[in-house]
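Got the viewer open? Let's walk through this structure together, one selection at a time.

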Amino acid sequence: MKRINNSVIALSLFVGIANANAQEKKTLSLDEAVQLGIQNSKNLKIDAAKIEEATADLLEAKNRQLPELKISGSYMYLPIKPNVDIKLPGVSGGAGGPEIHQVVYGSANLSVPIYSGGRIKYGIQSAKYLVEASKLSTENDKIAIAYNVAQAYNNLFKANQSIKVFEENLAASQKRDETFMKMENNGLIARNDRLKANLQTSNIELQLLEAKNNYNIANINMDLLLGLPETTELEVDENYIEEGAEVKPVNFYVNEARENRKDLQALAQQRKAAELGTKAAKAENLPSLAFTGGYVAADIPKFLTVYNAVNVGIGLSYNLSNIWKENSSLKQSQAREKQLAATDELLNDNIKLDVNREYQNNDYSHKRIAVFEKSAEQANENYRITKNKYDNGLATMTELLDADAAQIAANVGVINAKADAALAYRKLLQTTGTLTFK
């Protein structure tokens, strides 16, 4: 039995060591986290595919200006003798003609576009604008990802700092419980007062459990954002909450947004592409002109052989049905132009709103820091005074515990306010399109 117990203990130790090793720890600065997030973003992989698709459309548009060369050939076997009646003078035909059982035919045709009403040129330019729009959309998504990672990093930091505060206060509360237990045993305080202190300790333990749960969830969220294994325990750089710069007037950030917002720039490229699409649609009513050339060879044994049949010329193509048919492509393109123009106006209005809102939020977040710091200073001083009064029998246990709870809340509030202010500034930069990622 003792041997079995020893085996169980050894196995438990092995499992514990294995679990400890499985939990990898990784320290990341905010910039490093953002870089990892961009590298492993699923959305950016989709964007990369969209750029490839737009580039392929550009290649297709360019191919339309290149010569078209087609070759074809046929071999036909004729199991039944055909009736051949040749009307040329001096050439006999009919039933007494040659036996024809097979035909070999080949041709090559060349077409080089000369004029197409500008459809090819407009198509190439439009495709270039759409490629650029796809790239700008990707840059806009990168900025959004940089902020999302910063937000997750901020949540992880706040959860970690809350754990530290609650652990410190829990240790102090547990030490106070030990003192009150001795005082109760010596008849210096009532049992009810000691139980109130124990209840306060239990409340702090619950707050600590909640903070740890929030931390674990925030950690898993970060792991997924950064493409790391979910078992990776991340440690953040606490100095990031001191980041920031002197805030300039709101008009500065509005102008920055107009110049740097990638989604606005992408929309401008789409509008240019739509304008060219309208021109291309109008060109559908124009004729097309192309240089043509060809080569034909044929062999009908015992009857006809043709080779070196080369032809060159000019080909003209015009769809006469355009005279009575309405140009639906033109109407669609014009509607698209109107849609993009309205979208541009709406986006500009939203940018003004976003920048002004985040500017106010940034200002508000920094003012909150001063209020929370003042509140924490007052709460700490209040607890010190209340503790002295309690020790001298001038304050109740309830007043002491209330002062302690207020002190904890105020200290946590300072940390959260600083972290939120650092994030608010990054959000302001995101709305202006100037949030950088290294």
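**The whole chain**

Of the 438 residues in the chain, 34% count as buried. Keep in mind that you're looking at a predicted model. Show everything as a cartoon and you'll have 9 helices and 6 strands on screen. The radius of gyration is 40 Å, well over the 22 Å that the globule rule gives for 438 residues, so the chain is more spread out than a compact globule. Turn it around: along its principal axes, the C-alpha trace spans about 145 × 75 × 35 Å. Contacts still link distant parts of the sequence: taking those with a separation of 6 or more, 82% join residues 24 or more positions apart.

**Stop one: helix 2**

Select residues 30-39, which form helix 2. Which of its residues are buried? They are Leu30, Ala33, Val34, Leu36, Gly37 and Ile38. Now bring up the surroundings: the cover over these buried residues includes strand 1 (25-28), along with helix 3, helix 4, helix 5 and helix 9. Four helices from that list are our next stops.

**Stop two: helix 3 and helix 4**

Pick residues 42-63 for helix 3 and residues 119-185 for helix 4. Their axes come within 8 Å and cross at roughly 170 degrees. That angle is over 145 degrees, so helix 3 counts as roughly antiparallel to helix 4. Color their contact by residue class and you'll get 11 nonpolar, 5 polar and 8 charged residues.

**Stop three: helix 5 and helix 9**

Next, select residues 191-226 (helix 5) and residues 397-432 (helix 9). Here the axes come within 10 Å and cross at roughly 15 degrees. With an angle under 35 degrees, helix 5 is therefore roughly parallel to helix 9. The crossing of helix 5 and helix 9 is right-handed.

Want to see who makes the contact? Show side chains for these:

- From helix 5: Asp193, Lys196, Ala197, Gln200 and Ile204.
- From helix 9: Met397, Thr398, Leu401, Asp404, Ala405 and Ile408.

By class, the residues of this contact between helix 5 and helix 9 divide into 6 nonpolar, 2 polar and 3 charged.

**Last stop: Phe252**

Finally, click on Phe252, which sits in helix 6 (residues 250-260). Is Phe252 buried, exposed or partly exposed? Phe252 is partly exposed, because its relative accessible area is 33%. Before you leave, draw a distance line from Phe252 to Thr292, which lies 40 residues away along the chain. Their C-alpha atoms are separated by 60 Å.

Key. Residues numbered from 1 in each chain as written. Predicted model: local features only at pLDDT ≥ 70, side-chain atom pairs only at ≥ 80, totals over all residues. Heavy atoms only, no water. Axes fitted to C-alpha atoms, helices over the stretch in contact; angles between N-to-C directions. Helix = DSSP H or I, 4+ residues; strand = E, 2+ residues; numbered from the N terminus. Parallel < 35°, antiparallel > 145°, perpendicular 65-115°, else oblique. Left-handed = near helix turned anticlockwise from the far one by under 90°. Contact = heavy atoms within 4.5 Å. Nonpolar A, V, L, I, M, F, W, Y, C, P; charged D, E, K, R; others polar. Rg over C-alpha atoms; globule rule 2.2 N^0.38 Å. Buried < 20%, exposed > 50% of the residue type's maximum accessible area, 1.4 Å probe, protein only.
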